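Here is a short briefing to read alongside the structure. Keep the view open as you go through the points.

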2 protein chains.
Amino acid sequence: VSRIAYVNGRYVAHRDASVHIEDRGYQLADGIYEVFEVVDRRLVDVSRHVARLTRSLRELRIAMPMELSALHVVMREVIHRNRIRDGIVYLQVTRGVAPREHAFPARPVQPAVVVTARRMERAPRDARAGQGIRVITVPDSRWARVDIKSIGLLPNVLAKQAAYEAGATEAWFVDSDGFITEGSSTNAWILTGEGEIVTAPGSHGILSGVTRSIVLEVAARRGLRLAERSFTRTEAMAAAEAFLTSRTTAVTPVVQIDDQLIGDGKPGPVASDLRALCLAASAATRA
Amino acid sequence: VSRIAYVNGRYVAHRDASVHIEDRGYQLADGIYEVFEVVDRRLVDVSRHVARLTRSLRELRIAMPMELSALHVVMREVIHRNRIRDGIVYLQVTRGVAPREHAFPARPVQPAVVVTARRMERAPRDARAGQGIRVITVPDSRWARVDIKSIGLLPNVLAKQAAYEAGATEAWFVDSDGFITEGSSTNAWILTGEGEIVTAPGSHGILSGVTRSIVLEVAARRGLRLAERSFTRTEAMAAAEAFLTSRTTAVTPVVQIDDQLIGDGKPGPVASDLRALCLAASAATRA
């Protein structure tokens with residue numbers, strides 16, 4: 001099967017899928033994105049992703065490019081045409097094409113929409129979660145509005161690359177006060193020695209992940225102690241467990257932060273439990 | 001004349017000029033740009049722009065996509081094909097096309113190169129400088145590495161738009177300590193009551209403009225008192241003169257900051273003098 005992408009109203013061969021050089025996404029990072037997950041050919045947690053998409057667009061005052069029902073049809077069609085069983089749908093919306101200038105186009109233009117899909121097998125992700133991963137910490141160099149899921153990801157690119165070069169899988173950002181905000185493409189969590197599950201509060205300083213919300217909910221239903229509060233790198237180093245969350249990683253245990261093993265250096269029971277609960281909760285939403 | 005753009009090795013009609021949807025510039029803001037000026041059909045200050053281009057690429061570890069001599073040929077060709085007498089050449093280089101993922105492509109890909117040109121008459125710019133412009137101040141929400149001329153310009157987009165909606169022409173960023181760093185697409189300057197010309201120091205907190213460097217040089221040759229130091233919004237409000245610099249504005253007087261008139265609310269003599277010196281200095285470098 002050759003890959004198919006949806007670009008501005010048309011289904012095209014992925015290799016030929018292109019946008020104009022004056023798309024404001026290309027020249028100014030003036031756009032947003034979402035990553036949806038496909039489980040057994042169906043989208044999961046659609047309403048949560050759509051809510052965040054809507055919020056991102058509203059914050060940047062980009063018009064919703066099409067009816068949500070039409071968008072849903074497009075995503076299903078892209079899944080179907082690419083024969084995705086398990087994988088992701090990537091959706092990008094930019095302010096559109098206009099002669100380059102910083103301010104919004106004087107006459108509003110049609111937002112640009114790109115939808116792609118690709119396979120992502122579950123087994124390697126499960127294996128990685130079973131083993132646990134290493135993270136490094138890096139200074140949080142990002143802008144003040146990372147709560148908007150914008151395509152302005154250069155700081156995240158540099159952080160992720162630094163992690164890979166250090167033999168780690170993810171980089172956690174540490175702000176100027178020593179608090180861990182989140183990872184380059186994941187939210188950051190610890191389980192304290194006192195049995196409290198901690199993640200940074202939803203604010204302008206983090207991108208409030210869909211999976212983050214799901215984990216908060218399943219943990220609460222499980223009766224676990226939860227705190228949305230700031231935690232420092234020092235506190236994380238001394239944690240009983242650590243883990244990260246994102247759409248594609250679900251809950252993945254962190255067994256080392258910089259040079260410090262977390263707990264006994266193996267995935268902890270709470271993270272593993274939350275992973276199973278989280279995957280089950282998402283699977284139940286298939287639509 | 002229909003517009004022509006250079007895109008990855010080919011000269012194409014501007015309306016058809018496109019890049020792949022998985023160009024990392026489009027999905028991750030993983031690229032940089034330069035704006036060159038064309039005066040009387042020739043590029044000015046080429047060596048300064050090329051030095052900054054080289055630095056931006058090096059900081060992001062993107063390979064220089066072609067020999068500098070070849071790049072120069074491309075830029076001249078784009079000027080020629082578009083019959084630009086006075087205007088700008090826009091050059092964008094991204095890390096290239098690769099399946100979306102934050103980290104650099106595991107196997108390096110060819111950087112993507114786009115070169116466009118457009119006319120920009122001098123008369124309206126001179127008229128605006130003769131009148132002076134208004135700026136507003138906004139919190140500096142940008143990332144920590146604005147010294148890299150990256151395409152991650154979303155905070156600048158929002159700031160410029162805020163300026164336009166306030167009836168102003170530019171927004172000056174104020175950092176958390178109350179210091180004015182620079183504008184959304186310009187550097188910021190004041191002339192103090194004591195006759196000192198002040199602009200923020202070159203650092204990771206500003207994009208060190210080519211025109212900024214030229215003004216520092218011509219002012220020094222003129223024997224004016226100069227200080228590269230931080231200055232607050234409060235200090236700017238009380239300044240004798242204020243002005244901004246960029247490639248396309250040269251030196252343009254600022255006559256109002258937020259609700260405060262600067263001096264007598266008319267362009268000051270020092271800014272006007274520096275504008276003439278700066279334009280002459282650039283014109284002398286035509287190549």
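**How the two chains meet**

Across the interface of chain B and chain A, the rule picks out two salt bridges. Please bear in mind that this is a predicted model. The points below start with the contact between the chains, then turn to symmetry and to empty space.

**The interface**

- Chain B brings 53 residues to the contact, and chain A brings 54 residues.
- About 4500 Å² of area is buried between chain B and chain A, and carbon and sulfur atoms give 62% of that area.
- On the chain B side, the residues that lose the most area to chain A are B:Ile21, B:Tyr26 and B:His102, which together make up 18% of what that side buries.
- A salt bridge joins A:Arg61 to B:Glu165, with 2.5 Å between the closest N and O atoms.
- How many residue pairs are in polar contact across the interface of chain B and chain A? The rule finds 24 such pairs, counting those with both residues at pLDDT 80 or more.

**Symmetry**

- A turn of 180 degrees, with a shift of 0.0 Å along the axis, lays chain B on chain A with an RMSD of 0.0 Å.
- This is the relation of a two-fold axis.
- Both copies use the same surface, as 100% of the contact residues of chain B recur in chain A.

**The second largest pocket**

- The second largest pocket holds about 1100 Å³ of space.
- Its lining consists of 50 residues.
- Which residues lie nearest the centre of the second largest pocket? They are A:Lys160, A:Ser185, A:Ser246, A:Thr248 and B:His102, so named from both chain A and chain B.
- By type, the lining of the second largest pocket has 15 nonpolar, 19 polar and 16 charged residues.
- B:His102 thus comes up twice here: B:His102 is among the chain B residues that lose the most area to chain A, and B:His102 is also one of those nearest the centre of the second largest pocket.

**The cavity**

- Empty space shows up when a probe the size of a water molecule is rolled over the atoms.
- The structure has one cavity of 30 Å³ or more.
- The largest cavity contains about 40 Å³ of space.
- Residues of chain A line the largest cavity, including A:Ala240, A:Glu241, A:Pro253, A:Val255, A:Ile262 and A:Lys266.

Conventions: Residues numbered from 1 in each chain as written. Chains lettered and ligands numbered in written order. Predicted model: local features only at pLDDT ≥ 70, side-chain atom pairs only at ≥ 80, totals over all residues. Heavy atoms only, no water. 1 Å grid on protein atoms, 1.4 Å probe; cavity = no way out; pocket = protein on both sides within 12 Å on 5 of 7 lines; lining within 4 Å. Points joined across faces, edges and corners; volume = space filled by probe spheres on them. Nonpolar A, V, L, I, M, F, W, Y, C, P; charged D, E, K, R; others polar. Least-squares fit on C-alpha atoms with pLDDT ≥ 70 in both. Contact = heavy atoms within 4.5 Å. Buried area = accessible area lost by both parts, 1.4 Å probe. Salt bridge = Lys/Arg side-chain N within 4 Å of Asp/Glu carboxyl O. Polar contact = N/O pair within 3.5 Å; in protein donor to acceptor, adjacent residues only side chain to side chain.
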